[in-house]
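Colleague: Hello! I am new to this one and would be glad of a guided look. Could you bring it up, please?

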Amino acid sequence: MLMSQIGFGVKFGNWRCYASSASSSSSSSSSSQSEVAVVEGGNGRISERHQIRLGLPSKGRMATDTTELLKNCQLSVKQVNPRQYVAQIPELSNFEVWFQRPKDIVRKLVSGDLDLGIVGLDTFTEYGQGNEDLIIVHEALAYGDCRLSLAIPQYGIFENINSLEELAKMPQWTASKPLRVATGFTYLGPKFMKDNGLKHVAFSTADGALEAAPAMGIADAILDLVSSGTTLKENNLKEIEGGVVLESQAVLVASRKSLVQRKGVLDTTHEILERLEAHLRAIGQFTVTANMRGRSDKEVAERVVSHPSLCGLQGPTVSPVFGPDGEVKHYAIVICVPKKALYKSMKQLRAIGGSGVLVSPLTYIFDEETPRWRRLLSTLGI
Ligand SMILES: Nc1ncnc2c1ncn2[C@@H]1O[C@H](COP(=O)(O)OP(=O)(O)OP(=O)(O)O)[C@@H](O)[C@H]1O
Ligand SMILES: O=P(O)(O)OC[C@H]1O[C@H](OP(=O)(O)OP(=O)(O)O)[C@H](O)[C@@H]1O
Ligand SMILES: [Mg+2]
């Protein structure tokens with residue numbers, strides 16, 4: 001039988017060389033063998049390049065939202081055409097964007113070929129595998145929300161099984177007949193089962209449409225990403241209590257080595273982080289301006305701060321409003337109000353004498369220093 005072989009290899013530094021042969025014998029080193037080198041990645045070296053590199057998802061769900069987020073931070077990515085994988089962010093000097101598949105972004109951070117990346121936490125955790133060189137700089141970029149969750153059929157022997165504990169206790173799973181789980185997460189899947197004490201589990205993997213596996217008789221359960229839950233429902237599957245492996249959203253990640261050793265990476269990360277935080281803090285808030293009748297700015301301020309939800313970031317800004325006669329009978333107050341609390345805040349403002357309430361979108365909130373920057377420096381021991 002003609003078969004090519006992969007699986008026996010010789011390591012040369014970062015490269016593993018596989019001998020592929022037209023015969024099924026692995027012991028032969030005959031001249032019919034050709035040498036194929038496959039990069040494993042992960043030597044974490046700092047190469048000679050001088051440009052700082054950010055990896056962004058080249059396609060899929062995360063791609064558009066990622067460039068949109070950067071645009072909203074005034075960091076527009078200038079890509080000549082969608083098939084060109086290198087791009088610039090003109091606001092950042094000495095900086096390159098490289099469009100890559102999310103899992104390759106993580107691999108390339110590990111191998112030292114990228115310095116920064118934006119991916120889903122699920123991809124980061126699955127392909128980062130706890131590598132200590134990888135650091136999460138911003139853990140909540142507020143898009144790409146989903147969860148990695150275990151799901152089982154709603155029917156048959158699983159009809160009354162609603163938790164991981166109940167699933168683990170089912171007498172059906174033995175060493176010779178384990179619970180069969182289909183997943184694309186071949187690192188996190190086994191780790192989750194082990195951490196939760198499930199012993200008799202076997203994993204199979206596929207690239208997509210995993211929800212078909214139970215009905216096809218290929219698997220008993222699946223471990224996959226869920227967001228709306230529609231795909232599970234349409235395939236008669238259900239999530240179970242205790243079955244969520246990970247809650248995911250987009251994250252900004254970096255290589256520790258790059259941050260510490262590559263010139264300019266730390267400063268640029270600081271700038272990106274500040275812009276992200278300023279934008280993300282602002283999107284949940286409105287600026288509210290109102291006029292209030294009052295005797296003095298202090299008295300007006302006291303009335304406003306008596307309602308904690310009207311305090312804004314540090315407290316209300318109160319300024320005199322000069323009437324036509326030059327007298328001050330009103331004061332203008334400016335506060336930030338969470339979008340969710342807008343109507344409630346507006347009613348409170350009216351109740352304490354507010355009128356002419358103007359509501360405007362808020363674009364950025366720059367704080368003195370971002371807590372995430374402090375955290376990053378402390379993670380790096382700086
Ligand atoms: N319902 C969802 N299903 C899958 N991924 C989702 C979902 N919602 C958000 N995401 C996020 O999007 C990322 C996956 O995007 P997508 O599948 O489009 O790209 P991909 O990684 O290139 O996939 P693949 O390489 O397997 O084709 C996930 O890692 C996750 O963080
Ligand atoms: O909870 P939902 O909103 O239904 O989303 C979850 C589904 O979306 C993803 O599949 P994707 O669309 O990427 O297709 P694939 O599995 O074939 O790659 C994921 O693998 C789930 O199957
Ligand atoms: Mg799917």
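Colleague: Which residues have the most contacts inside the largest nonpolar core?

Modeller: Happy to help, and please keep in mind that this is a predicted model. The largest nonpolar core has 35 residues. Those with the most contacts inside this core are Leu54, Ile89, Phe95, Val97 and Leu141.

Colleague: Thanks! Which element gives the most to this core?

Modeller: Several elements give two or more residues to the core, among them β4 (52-57), α1 (61-72), β6 (95-100) and α9 (265-283). The one that gives the most, with six residues, is α9.

Colleague: And what is Val97 in contact with, leaving aside its neighbours within four places in sequence?

Modeller: Val97 is one of the residues with the most contacts inside the largest core. Contact here means heavy atoms within 4.5 Å. With those sequence neighbours left aside, the partners of Val97 are Leu54, Leu56, Val77, Tyr85, Val86, Ala87 and Ile89.

Colleague: How many residues are in the second, separate core?

Modeller: Ile161, Phe185, Leu188 and Ile240 are included in this second core. Its total is 32 residues.

Colleague: Now to the helices: how are α2 and α3 oriented to each other?

Modeller: The axes of α2 (residues 102-111) and α3 (residues 121-128) come within 9 Å and cross at roughly 50 degrees. An angle between 35 and 65 degrees falls outside the parallel and perpendicular ranges. The two helices are therefore oblique.

Colleague: Which residues in α3 does α2 meet?

Modeller: α2 passes α3 in a right-handed crossing. From α2, the residues taking part are Pro102, Lys103, Val106 and Arg107. In α3 they meet Thr123, Phe124, Tyr127 and Gly128.

Conventions:
Residues are numbered from 1 along each chain as its sequence is written. Chains are lettered from A and ligands numbered from 1 in the order in which they are written. This is a predicted model: local features need pLDDT of at least 70, side-chain atom pairs count only at pLDDT 80 or more; totals for chains, interfaces and linings use all residues. Side-chain values use heavy atoms; hydrogens and water are left out. Axes are lines fitted to C-alpha atoms, for helices over the stretch in contact, and angles run from 0 to 180 degrees between N-to-C directions. Helices (H or I, at least four residues) and strands (E, at least two) are DSSP runs, numbered from the N terminus. Angles under 35 degrees count as roughly parallel, over 145 as roughly antiparallel, 65 to 115 as roughly perpendicular and the rest as oblique. A crossing is left-handed if the near helix is turned anticlockwise from the far one by less than a right angle, and right-handed if clockwise. A nonpolar core is a set of buried Ala, Val, Leu, Ile, Met, Phe, Trp, Tyr and Cys residues joined through side-chain atoms within 4.5 Å. Buried means under 20% relative accessible area, exposed over 50%, partly exposed in between (1.4 Å probe, protein chains only).
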